[in-house]
Amino acid sequence: MFRTIMPGARADFEFVESSGLLPPLVRAGTVIDSQRVPNSVLDDAAPGATIVIEHPRLPFVSYPYEWPFAALKAAALLHLDVHLEALANDVSLSDASAYNVQFQGSAPVFIDRLSFKRYREGEIWIGHRQFCEQFLNPLLLTSLLGIPYHDWYRGRVEGIPTEHLNNALPLRRKLSWRVFTHVTLHAKLTRGAATAKHESVPKVRPMSKPVLCQMLSGMRRWIEKLQPAHRGRTEWSDYAENTSYGASWEDRKRAFVAEFARAVRPAVLWDIGCNTGEYTQVALESGAIHAIGFDGDTGALQRAFERASRERLDFLPLYLDAANPAPSQGFAERERGGLMARGPADALLALALVHHLAIGRNVPLERLVDWLVQLAPRGVVEFVPKSDPMVQTLLRLREDVFDDYSEATFAAALERRSAIVRQETVSASGRRLYWYDVGHGQQ
Amino acid sequence: MVRTTLAWALFAGGATLASPAHAYLDPGTGSIILQGLIAVIAGAAVAGKLYWSRLVAFFRGEASPDVAKDEAPGNVPPAEQDPER
């Protein structure tokens, strides 16, 4: 991953280099490493660049609108800590984009080397508006209103507008002086470009460094205390405890996943429908290197993230509606890649998932298998038969129109696209794991 | 000391010392005005603390306290930087 520094940015770049700010942060894993490389490396690709630097590549790029609450919160705290540390070295950050943070497992890392600039005396917090829109407001949406921010945030890629959050908040929430300042007052003082007359461009008053630091650390103290509203059980947060395959069946399922991971040793594993990450952990402990989990239940994701931090797993759980993944979007529909654009993964787990999509969301089985196999050339998929209590629950209030939902159809669809390496029954109700591999004798 | 603080506050009131033009990002009009208010209030709080300390010292019959000694670093709105020093 290369980045160029153009002549206009050189002075700031060199200043930051000489400040000594970065080496300790890089060592601590807080800021991503960067090395200078000869300009000839990029040559034609970047005419006019004075300096070229190289960053290590990350195994997976994720976006703020996919992060669970705990991850967005961790990213916000990281950003503020980095900014405060920078100011202690006479360096400042020129923006506050949430896209400047990435995750390695459950640990956030600041990736934008070029955000760092020399601190200018009296400079206000330039990134404040952006910080509010991309970090604070989504967290407040969940913390104060109990609304998960993912869908809104994904739609409005640059964050939740302060004005709209303010409109959504009831009066009693605005009595907190922090909310009043950073949401209500902030919204009311904003003049749009269309309504502002030329003369009413606001004067920028200088802000002393101690006051700037106070603002940042005050924000940090606030965010540190934020928690999702209505914490406790969501629909699937207790699934792992409440559903009983039975101990020996569970062992079989775990052993199957472990054997798969041991044989394949995937560099990047995607676990679609990871729930609290129980089987993701099995895969990581058996040979998977980096694991990304996806689930649509925020309670389960919270527990998955806690598991990843607690057990120090290279596991990043992300929000996903499997029937409606975030598409490629941003400018020219390319800035922020959709799920497929960021794949394929080396291996896939799709456990206790297929019936939710095929029955719950009416996705044709054939198309579903197609999609899964495109996500990764090998993986473990669990088929849950109609007789299973969970499928019966999904059908309890609906007409059973799913004539071709059967193991035979599923297996045939899978065999048309791949080879079945192994299969095994893992529950009394007849749930069956299928280990597929596109590569076996099909090159 | 008092004069310095007042001068700084007045200066801050009128001048555009640090233009955000050094940054590519639009800080947003609301944020600019809001931070202006914060800066003024923080400055007033510091001046207020200074006068309060002097007042307390006066009633105690002490010499005027040095502002730096009173502030615990980082916990309360810290002293404005004195440009004369």
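**Exercise 1.** In this predicted model, identify the residues with the most contacts inside the largest nonpolar core.

*Solution.* The largest nonpolar core has 106 residues. Within this core, the most contacts belong to Phe116(A), Phe131(A), Ile223(A) and Trp270(A). The largest share of the core, 12 residues, is supplied by helix 3 (residues 69-87) of chain A. A second, separate core has 25 residues, including Phe256(A), Ala258(A), Leu351(A) and Val380(A).

**Exercise 2.** Determine which residues Phe116(A) touches, not counting residues up to four places away in sequence.

*Solution.* A contact requires heavy atoms within 4.5 Å. With sequence neighbours up to four places away left out, Phe116(A) touches Val16(A), Leu21(A), Leu22(A), Val31(A), Val82(A), Ala86(A), Val91(A), Ser92(A), Leu93(A) and Phe110(A).

**Exercise 3.** Describe the secondary structure and surface of chain B.

*Solution.* Chain B contains three helices and zero strands, and its pattern along the sequence is α-α-α. Of its 85 residues, 34% count as buried. The accessible surface of chain B comes to about 5400 Å², and 65% of that surface belongs to carbon and sulfur atoms.

**Exercise 4.** Classify Phe59(B) as buried or exposed, and place this residue in its surroundings.

*Solution.* First, locate the residue: Phe59(B) lies in helix 2 (residues 29-60) of chain B. Next, apply the cut-off: exposed means over 50% relative accessible area. Phe59(B) counts as exposed because its relative accessibility is 67%. Finally, consider its partners: Phe59(B) forms a nonpolar surface patch with Trp52(B), Leu55(B) and Phe58(B). Together these four residues have about 560 Å² of accessible area.

Terms used. Residues are numbered from 1 along each chain as its sequence is written. Chains are lettered from A and ligands numbered from 1 in the order in which they are written. This is a predicted model: local features need pLDDT of at least 70, side-chain atom pairs count only at pLDDT 80 or more; totals for chains, interfaces and linings use all residues. Side-chain values use heavy atoms; hydrogens and water are left out. Patches are made of residues with over 30% relative accessible area and no salt bridge: like charges are joined within 9 Å, nonpolar side chains (Val, Leu, Ile, Met, Phe, Trp, Tyr) within 5 Å. Accessible areas come from the Shrake-Rupley method with a 1.4 Å probe; for residues, only the protein chains shown count as cover. A salt bridge is a side-chain nitrogen of Lys or Arg within 4 Å of a carboxyl oxygen of Asp or Glu. Helices (H or I, at least four residues) and strands (E, at least two) are DSSP runs, numbered from the N terminus. Buried means under 20% relative accessible area, exposed over 50%, partly exposed in between (1.4 Å probe, protein chains only). A nonpolar core is a set of buried Ala, Val, Leu, Ile, Met, Phe, Trp, Tyr and Cys residues joined through side-chain atoms within 4.5 Å.
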